[in-house]
Amino acid sequence: MAQSPPRSGRPPIQQLQTVADLLDTPALARLYAHILQHGPVTVSKLVDELDIPQGTAYDYVQHLETAGLVEKTRDQRPYEYDAESIALTLSTDGETQTITPALIAAVARRDQDEDIDVYIERHGLDGLAVALAYAYEYVDGTVNHRIAARELDLSPLEAEIILQALEPVATEYVDAVA
């Protein structure tokens with residue numbers, strides 16, 4: 001079962017498809033996370049700052065705008081875009097997970113951070129979401145890698161590696177959790 005408040009009048013299933021695209025496409029996730037953190041921005045600024053082809057940037061922004069996750073904040077050229085924060089909670093068979101901007105930002109790093117990519121391959125996106133929750137506690141000092149390893153059923157080395165890989169995301173999005 002999925003729960004999502006209506007965003008910009010867009011149908012929830014269309015938004016769900018776009019969120020699935022964000023989780024499956026690190027470059028799209030990176031663009032969304034950048035707009036959310038640094039918006040409003042123009043597409044040309046996205047091209048420069050993210051080093052992505054202009055056509056791809058326009059396609060991605062259009063895709064996110066159609067789903068209601070990004071909207072124009074300026075009606076004249078060059079258009080500026082800002083992103084809407086995601087909070088999508090999914091429940092299946094007694095398991096619940098929330099897709100947050102921080103999780104999208106962690107997925108966005110998959111192409112550039114081999115440790116996150118390997119962790120997703122081994123433990124899936126649900127495993128990454130759980131590790132991200134521990135990363136917040138790791139950043140504030142309430143959990144160390146040995147506690148996370150024990151509770152996540154990982155080796156201490158693997159726990160340390162993923163916590164360090166997720167530390168920048170947890171630090172960047174700590175205010176969103178508080």
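Helices (H or I, at least four residues) and strands (E, at least two) are DSSP runs, numbered from the N terminus. The model is predicted, so local features need pLDDT of at least 70 and side-chain atom pairs count only at pLDDT 80 or more, whereas totals for chains, interfaces and linings use all residues. Residues are numbered from 1 along each chain as its sequence is written, and side-chain values use heavy atoms, with hydrogens and water left out.

**Exercise 1. Locate Glu-95 and state whether Glu-95 is buried or exposed.**

Solution.
Step 1. Glu-95 belongs to strand S5, which covers residues 95-99.
Step 2. Buried means under 20% relative accessible area, exposed over 50%, and partly exposed in between (1.4 Å probe, protein chains only).
Step 3. The relative accessible area of Glu-95 is 57%, so Glu-95 is exposed.
Step 4. The C-alpha atoms of Glu-95 and Asp-126 are separated by 9.9 Å, and these residues are 31 residues apart along the chain.

**Exercise 2. Describe how strands S4 and S5 pair, and characterise the turn between them.**

Solution.
Step 1. Two strands pair if DSSP finds at least two bridges between them.
Step 2. Strand S4 (residues 88-92) and S5 pair over five bridges in the antiparallel sense.
Step 3. Across the pair, Leu-88 stands opposite Ile-99, and Thr-92 stands opposite Glu-95.
Step 4. S4 and S5 form a hairpin with two residues between them.
Step 5. Asp-93 lies in the loop between S4 and S5, and its phi is near 45°, a positive value in a residue other than glycine.
Step 6. With a relative accessibility of 82%, Asp-93 counts as exposed.

**Exercise 3. Identify unusual backbone values at Asp-51, Pro-40 and Pro-78.**

Solution.
Step 1. Most residues other than glycine have a negative phi, and most peptide bonds are trans.
Step 2. Asp-51 has a phi near 55°, a positive value in a residue other than glycine.
Step 3. Asp-51 is found in the loop between H3 and helix H4 (54-66), and it is exposed, with a relative accessible area of 70%.
Step 4. The peptide bond from Gly-39 to Pro-40 is cis, with omega near 0°; Pro-40 lies in the loop between H2 and helix H3 (43-50).
Step 5. Arg-77 and Pro-78 are also joined by a cis peptide bond, with omega about -5°. Pro-78 lies in the loop between strand S2 (70-72) and strand S3 (81-83).

**Exercise 4. Determine which residues Tyr-79 touches, and how accessible Tyr-79 is.**

Solution.
Step 1. The place of Tyr-79 is in the loop between S2 and S3.
Step 2. Contact means heavy atoms within 4.5 Å.
Step 3. Not counting residues up to four places away in sequence, Tyr-79 touches Val-41, Thr-42, Val-43, Lys-72 and Arg-74.
Step 4. Its relative accessibility is 23%, so Tyr-79 counts as partly exposed.
Step 5. The C-alpha atoms of Tyr-79 and Pro-168 are separated by 30 Å, and these residues are 89 residues apart along the chain.

**Exercise 5. Classify the orientation of H2 relative to H5 and to H4, and list the contacting residues.**

Solution.
Step 1. Axes are lines fitted to C-alpha atoms, for helices over the stretch in contact, and angles run from 0 to 180 degrees between N-to-C directions.
Step 2. Angles under 35 degrees count as roughly parallel, over 145 as roughly antiparallel, 65 to 115 as roughly perpendicular and the rest as oblique.
Step 3. The axes of helix H2 (residues 26-38) and helix H5 (residues 101-108) come within 8 Å and cross at roughly 130°; H2 and H5 are therefore oblique to each other.
Step 4. On the H2 side this contact is made by Pro-26, Ala-29, Arg-30, Tyr-32, Ala-33 and Leu-36, and on the H5 side by Pro-101, Ile-104, Ala-105, Val-107 and Ala-108.
Step 5. The axes of H2 and H4 come within 10 Å and cross at roughly 70°; these two helices are therefore roughly perpendicular to each other.
Step 6. Here H2 contributes Ala-27, Leu-28, Leu-31, Tyr-32 and Ile-35, and H4 contributes Ala-57, Tyr-60, Val-61, His-63 and Leu-64.
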